[in-house]
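Work through the exercises below with the model open. Each task is followed by a stepwise solution.

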Amino acid sequence: MPFVNPYANAPMLPDGDEIDPRDLFEERTRPVEIEIGPGRGTFILERLAAAPEVRMLGLEIRRKWAQIVDERIRARGMGGRGRVLAEDARHALPRFKTATASAAFIHFPDPWWKKRHEKRLVASVSTIEQVARVLVPGGELFFQSDVEERAEQFARWVEEVPLFVPVADGPRVADNPYGAMSTRERRAVADGLPIIRLRYTRR
C-alpha cells in the first residue's frame, strides 16, 4: 500500500504573485501580525486569546505543525482571527502586499550554525528587508533567542535595514510585552536561561 502523507493538504497561501494577508481573515481592514516559524503554536494561540483585536498569521515550514496548529486555532473558535499556513517565510513574505502587517515575531530561530548551512537561515538580512516592506509605519519587529551569538548577529542584520529603529531604550528589552510565550521561551524561563529580546519599530 503506497504511503499517504497525512499532511499533504496542509493549508497554504492562495495562488498569486501579490497577496494581501488581510484577505485571509474575517475583518479585512485590520493589519495582521505575522509569526515566522510558530512551531507548535504556543505563542500564536496565547496571543490570539490575550488580544481579541489581533489578527495573526503564522508561516510554518513544517507541514505537520502548520496543519495541527491551524486546526487547533479553529477548534478554539479563533479561526476567523488566526491562521497558520505551511509556508517558508523566505518565499511567502515577498508575495505579501506592502504595508499590510502591524507586527512580526521571530522566536528562537534557526538551529543552523555551520557556514555551509547559512542558506537555510530564515532570519537574515533579506528576510528583515521583506518584513520592513510588509510592516506599516510604526509596526514592530520582535526577536528572541537564548543564544547571545544569534541575537548579536540578528541585531547586526537589522542595522543594515535603515527602515528599522530600536525602541526608546532598546533594542534590548527585559520583558516580552505581548501577553504570550513560545514553547521555547517558557522552557528557557523555567531553566533559568537568559533570554535576549530585541524590539524595533518601523520608521
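**Exercise 1. Helix contact**

Which residues of helix 1 and helix 2 meet? Sort the contact by residue class.

Solution.
- Step 1. The model is predicted. On the helix 1 side, take Ile44, Leu45 and Leu48. Their counterparts in helix 2 are Val69, Arg72 and Ile73.
- Step 2. Sorted by class, this contact of helix 1 with helix 2 has five nonpolar residues, no polar ones and one charged.

**Exercise 2. Helix geometry**

At what angle do the axes of helix 1 and helix 2 cross? Then name the handedness of the crossing.

Solution.
- Step 1. Two quantities describe a pair of packed helices: the angle between the axes and the distance between them.
- Step 2. Here the axes of helix 1 and helix 2 come within 10 Å and cross at roughly 20°.
- Step 3. Angles under 35 degrees count as roughly parallel, so helix 1 is roughly parallel to helix 2.
- Step 4. The crossing of helix 1 and helix 2 is right-handed.

**Exercise 3. A salt bridge within a helix**

Where do aspartate 70 and arginine 74 lie? Decide for each residue: buried, partly exposed or exposed?

Solution.
- Step 1. Aspartate 70 and arginine 74 form a salt bridge, with 2.6 Å between the closest N and O atoms.
- Step 2. Both residues belong to helix 2 (residues 63-75). They are four residues apart, about one turn of the helix.
- Step 3. Buried means under 20% relative accessible area. Aspartate 70 has 1%, so it is buried.
- Step 4. Arginine 74 has 47% relative accessibility, so it counts as partly exposed.

**Exercise 4. A salt bridge between distant parts of the chain**

Which parts of the chain does the pair of glutamate 27 and arginine 55 link? Classify both residues by accessibility.

Solution.
- Step 1. The side chains of glutamate 27 and arginine 55 form a salt bridge at 2.6 Å, N to O.
- Step 2. Glutamate 27 sits in the segment before strand 1 (32-36). Arginine 55 sits in the loop between helix 1 (42-50) and strand 2 (56-60). The two are 28 residues apart, and the pair links distant parts of the chain.
- Step 3. Glutamate 27 is at 31% relative accessibility, so it counts as partly exposed. Arginine 55 is at 8%, so it counts as buried.

**Exercise 5. The salt-bridge total**

How many salt bridges does the structure hold? Add one further pair, aspartate 20 and arginine 22.

Solution.
- Step 1. The total is 13 salt bridges.
- Step 2. Aspartate 20 bridges to arginine 22, the closest N and O atoms being 2.7 Å apart.
- Step 3. Aspartate 20 and arginine 22 are both buried.

Methods:
Residues numbered from 1 in each chain as written. Predicted model: local features only at pLDDT ≥ 70, side-chain atom pairs only at ≥ 80, totals over all residues. Heavy atoms only, no water. Salt bridge = Lys/Arg side-chain N within 4 Å of Asp/Glu carboxyl O. Buried < 20%, exposed > 50% of the residue type's maximum accessible area, 1.4 Å probe, protein only. Axes fitted to C-alpha atoms, helices over the stretch in contact; angles between N-to-C directions. Parallel < 35°, antiparallel > 145°, perpendicular 65-115°, else oblique. Left-handed = near helix turned anticlockwise from the far one by under 90°. Contact = heavy atoms within 4.5 Å. Nonpolar A, V, L, I, M, F, W, Y, C, P; charged D, E, K, R; others polar.
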